[in-house]
Amino acid sequence: MALTVRAQIVDIRADTPKDTDVFLVDTNAWYWLYYTRASLTQNGPLAHQLTDYPAYLGAAMNAKSALHCYGLTFAELAHNIEKTEREIYEAQTANPISPKVFRHDYQNQRRKVVTQITDTWADVLSVSTMLDLNMDSTFMQSALSLFPSVGLDGYDLFMAEAALKAGVTQIVTDDGDYATVLGLTIFTSNQRVIQAAQAAGKLITR
């Protein structure tokens with residue numbers, strides 16, 4: 001799959017965060033850092049996701065870099081955690097369960113899911129600042145204008161547009177789709193993105 005790299009790319013395995021850095025942290029990086037049950041499913045995170053991103057974010061905290069999130073982050077984080085908790089329970093019981101049935105008919109599990117989500121979100125907010133996001137008609141029109149030129153889904157489109165509007169253009173993410181957005185600097189250890197960036201002359205060393 002070809003990846004058109006328009007953003008600048010930084011390999012987090014060879015980078016040291018600075019106290020002047022201002023990062024927007026993508027949802028999955030928070031998920032790998034704070035949700036301790038992420039690896040308990042058959043299709044869990046890859047090895048580099050569980051090591052590289054927590055290590056880099058830990059270094060960023062030690063360096064007193066500014067870390068940010070959006071309310072959108074909570075929505076995706078909650079979705080991912082609920083999905084994983086359902087898959088863990090399905091594996092334990094050998095019983096396929098639809099998302100809505102799991103949500104409404106398994107109240108003990110529901111309480112555990114809510115606790116996992118709220119605890120993880122509290123951890124995120126303990127080290128980051130949630131940026132304001134006004135998804136009004138002006139924002140929507142601007143996002144839709146960006147949409148044809150990038151390889152993002154709707155959720156990530158809003159995140160990228162919000163980052164550009166706020167001037168928080170350094171994004172810690174494993175998602176290669178963000179690499180298609182001109183004006184961003186992507187901090188990643190996604191090897192496919194790094195190789196494509198190197199070929200395009202977009203891989204930078206700080």
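A residue counts as exposed when its relative accessible area is over 50%, as buried when that value is under 20%, and as partly exposed in between. Lys-64, with a relative accessible area of 68%, is therefore exposed. Keep those cut-offs handy, as they come back for several residues below. The model here is a predicted one. It shows a protein with eight helices and six strands, and the overall dimensions agree with those of a compact globule of 206 residues.

**Overall build**

- If you walk along the sequence, helices and strands come in the order β-β-α-α-β-α-α-α-β-α-α-β-β-α.
- The radius of gyration is 18 Å, and a compact globule with 206 residues would be near 17 Å, so the two agree.
- Lined up on its principal axes, the set of C-alpha atoms fills a box of roughly 50 × 40 × 35 Å.
- Take the contacts between residues at least 6 apart in sequence: 72% of them join residues at least 24 apart.

**Surface, burial and charge**

- Of the 206 residues, 47% are counted as buried.
- About 10,300 Å² of the protein is exposed, and 52% of that comes from carbon and sulfur atoms.
- On the charge side, there are 16 positive and 22 negative charges, and their mean positions sit 2 Å apart.

**Helix H1 and the loop after it**

- Helix H1 covers residues 27-34 and is mostly covered, with six of its eight residues buried.
- Those buried residues are Thr-27, Ala-29, Trp-30, Tyr-31, Trp-32 and Tyr-34.
- Thr-41 comes in the loop that links H1 to helix H2 (47-62).
- Thr-41 has 16% relative accessibility, so it counts as buried.
- Setting aside residues up to four places away in sequence, Thr-41 touches Thr-84, Glu-87 and Ile-88.

**Arg-13 and its partners**

- Look for Arg-13 in the loop between strand E1 (8-11) and strand E2 (22-25).
- Arg-13 has a relative accessible area of 47%, so it falls in the partly exposed class.
- The Arg-13 side chain makes a polar contact with the side chain of Asp-11 at 2.9 Å, and another with the side chain of Gln-191 at 2.8 Å.
- Gln-191 also turns up among the residues that Arg-13 touches beyond four places in sequence, along with Asp-52, Ser-189 and Ile-194.
- Arg-13 and Thr-205 are 192 residues apart along the chain, yet their C-alpha atoms are separated by 11 Å.

**Helix H3 and Arg-86**

- Arg-86 sits in helix H3, which spans residues 71-93.
- With a relative accessibility of 14%, Arg-86 counts as buried.
- Not counting neighbours within four places in sequence, the contacts of Arg-86 are Ile-97, Ser-98, Pro-99 and Phe-102.

**Two positive phi angles outside glycine**

- Lys-64 is not a glycine, but it has a positive phi of about 65 degrees.
- You'll find Lys-64 in the loop between H2 and strand E3 (66-70).
- Ala-94 is not a glycine either, and its phi is positive at about 50 degrees.
- Ala-94 belongs to the loop between helix H3 (71-93) and helix H4 (99-105).
- Ala-94 has 69% relative accessibility, so it counts as exposed.

**Leu-182 in the E5–E6 loop**

- Leu-182 is part of the loop between strand E5 (170-172) and strand E6 (185-188).
- Its relative accessibility is 63%, so Leu-182 counts as exposed.
- Even so, Leu-182 is in contact with Arg-6 and Leu-164, leaving aside neighbours within four places in sequence.
- The C-alpha atoms of Leu-182 and Val-150 are separated by 8.5 Å, with their positions 32 residues apart along the chain.

How values were computed:
Residues are numbered from 1 along each chain as its sequence is written. This is a predicted model: local features need pLDDT of at least 70, side-chain atom pairs count only at pLDDT 80 or more; totals for chains, interfaces and linings use all residues. Side-chain values use heavy atoms; hydrogens and water are left out. Helices (H or I, at least four residues) and strands (E, at least two) are DSSP runs, numbered from the N terminus. The radius of gyration is taken over C-alpha atoms; the globule rule is 2.2 Å times the number of residues to the power 0.38. Buried means under 20% relative accessible area, exposed over 50%, partly exposed in between (1.4 Å probe, protein chains only). Contact means heavy atoms within 4.5 Å. Accessible areas come from the Shrake-Rupley method with a 1.4 Å probe; for residues, only the protein chains shown count as cover. Lys and Arg count as positive and Asp and Glu as negative; His and the chain ends are not counted. The place of a charge is taken as NZ of Lys, CZ of Arg, CG of Asp or CD of Glu. A polar contact is a pair of N or O atoms within 3.5 Å; within protein, one must be able to donate a hydrogen and the other to accept it, and residues adjacent in sequence count only if both atoms are side-chain atoms.
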